[in-house]
Amino acid sequence: WNATRFALMNIGEASFEGAPTPATDAEKWILAQLDRVTAEAGEHFASYRFDLLAQCLYEFAWNEFCDWFVELAKPALNGGDAEAAASTRHTLLFVLERLLCLLHPLTPFVTEELWQQVAPVAGLKGESIAVARYPEAQPEKIDEASIAYVGRIKQMLFGGFTKCLY
């Protein structure tokens, strides 16, 4: 809920359509992670492992999107590079919309409510997320270099933080 508020608050009057062209490493990373979790979700649906489906989507939503991408997006959104800010806004909206579609079979009422707020800004057609196309994985778009790069940043930040605690 709060991630949707954050996205809509930072997008303002802008509207976007289609897939974004990432301008920052954080965007490349979250789009790669989105493709990875979309592929994983498809495998869990195919094997009827709804427990694993819920777990992978939960971890992506909280650990990757809400915890890390929202924070990594703030410098671009508030910085002086207009191209990076616009691209980050587009990526934020794109990933949020896809995440809502991925989560919809598990949490239909919450995702429908949020999608109704996101759809007009994202230029989405249709009256309901229930008739929206379910995301398909694009494994060829998974940028392993971006995943590794942001992984090192996360380790540096998190590793440094835990050392301060002891």
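**Exercise 1. Accessibility of one residue**

Is Asn-78 buried or exposed?

*Solution.* The model under study is predicted.
Step 1. Locate the residue: Asn-78 lies in helix H3.
Step 2. Recall the cut-off: a residue is exposed when its relative accessible area is over 50%.
Step 3. Apply the cut-off: the relative accessible area of Asn-78 is 63%, so Asn-78 is exposed.
Step 4. Add a distance: the C-alpha atom of Asn-78 is separated by 21 Å from that of Leu-157, a residue 79 places away along the chain.

**Exercise 2. The nonpolar core**

Determine which residues of the largest nonpolar core touch the most other members, and which helices supply the core.

*Solution.*
Step 1. Begin with the members: the largest nonpolar core has 44 residues, and those touching the most other members are Ile-30, Leu-57, Phe-60, Phe-65, Phe-69 and Val-95.
Step 2. Assign the core to helices: at least two residues come from each of H1 (2–11), H2 (25–46), H3 (50–78), H4 (82–103), H5 (108–122) and H6 (144–165).
Step 3. Identify the main contributor: H3 gives the largest share of this core, with eleven residues.
Step 4. Examine the contacts of one member: leaving aside residues up to four places away in sequence, Val-95 touches Ile-30, Leu-31, Leu-34, Phe-60 and Phe-65.
Step 5. Relate this to a general tendency: in soluble globular proteins, nonpolar side chains tend to be buried together.

**Exercise 3. The largest pocket**

Describe the volume, the lining and the chemical character of the largest pocket.

*Solution.*
Step 1. State the volume, which is about 480 Å³ for the largest pocket.
Step 2. Describe the lining: 22 residues line this pocket, and Trp-1, Ala-61, Trp-62, Cys-66 and Leu-103 are the ones nearest its centre.
Step 3. Assign the lining to elements: H1, H3, H4 and H5 are those that give two or more residues. The largest share, eight residues, is provided by H3.
Step 4. Sort the lining by class: 18 residues are nonpolar and four are polar, while none is charged.

**Exercise 4. A salt bridge between distant parts of the chain**

With which residue does Arg-36 form a salt bridge?

*Solution.*
Step 1. Consider the general principle: side chains of opposite charge can pair when their charged atoms come close.
Step 2. Name the partner: Arg-36 pairs with Glu-144, and their closest N and O atoms are 2.9 Å apart.
Step 3. Place the pair in the chain: Arg-36 belongs to helix H2 and Glu-144 to helix H6, so that distant parts of the chain, 108 residues apart, are linked.
Step 4. Classify both residues, for which partly exposed means between 20% and 50%. Arg-36 is partly exposed because its relative accessibility is 34%. Glu-144 is likewise partly exposed, at 46%.

**Exercise 5. Two further salt bridges**

The whole structure contains five salt bridges. Compare the accessibility of the partners in the pairs Lys-74 with Glu-71 and Glu-97 with Arg-98.

*Solution.*
Step 1. Take the pair of Lys-74 and Glu-71, with an N to O distance of 3.0 Å. Both residues lie in helix H3, where they are three residues apart, about one turn of the helix.
Step 2. Classify these partners: Lys-74 is partly exposed at 29% relative accessibility, and Glu-71 is partly exposed at 43%.
Step 3. Turn to Glu-97 and Arg-98, whose closest N and O atoms are 3.4 Å apart.
Step 4. Classify these partners: Glu-97 counts as buried because its relative accessibility is 9%, whereas Arg-98, at 28%, counts as partly exposed.

Notes:
Residues are numbered from 1 along each chain as its sequence is written. This is a predicted model: local features need pLDDT of at least 70, side-chain atom pairs count only at pLDDT 80 or more; totals for chains, interfaces and linings use all residues. Side-chain values use heavy atoms; hydrogens and water are left out. A nonpolar core is a set of buried Ala, Val, Leu, Ile, Met, Phe, Trp, Tyr and Cys residues joined through side-chain atoms within 4.5 Å. Buried means under 20% relative accessible area, exposed over 50%, partly exposed in between (1.4 Å probe, protein chains only). Helices (H or I, at least four residues) and strands (E, at least two) are DSSP runs, numbered from the N terminus. Contact means heavy atoms within 4.5 Å. On a 1 Å grid over the protein atoms alone, a cavity is a set of points where a 1.4 Å probe fits but cannot get out, and a pocket is an open set with protein on both sides within 12 Å along at least five of seven lines; lining residues have an atom within 4 Å of a point. Grid points are joined across faces, edges and corners, and a volume is the space filled by probe spheres set on the points. Ala, Val, Leu, Ile, Met, Phe, Trp, Tyr, Cys and Pro count as nonpolar, Asp, Glu, Lys and Arg as charged, and the others, Gly among them, as polar. A salt bridge is a side-chain nitrogen of Lys or Arg within 4 Å of a carboxyl oxygen of Asp or Glu.
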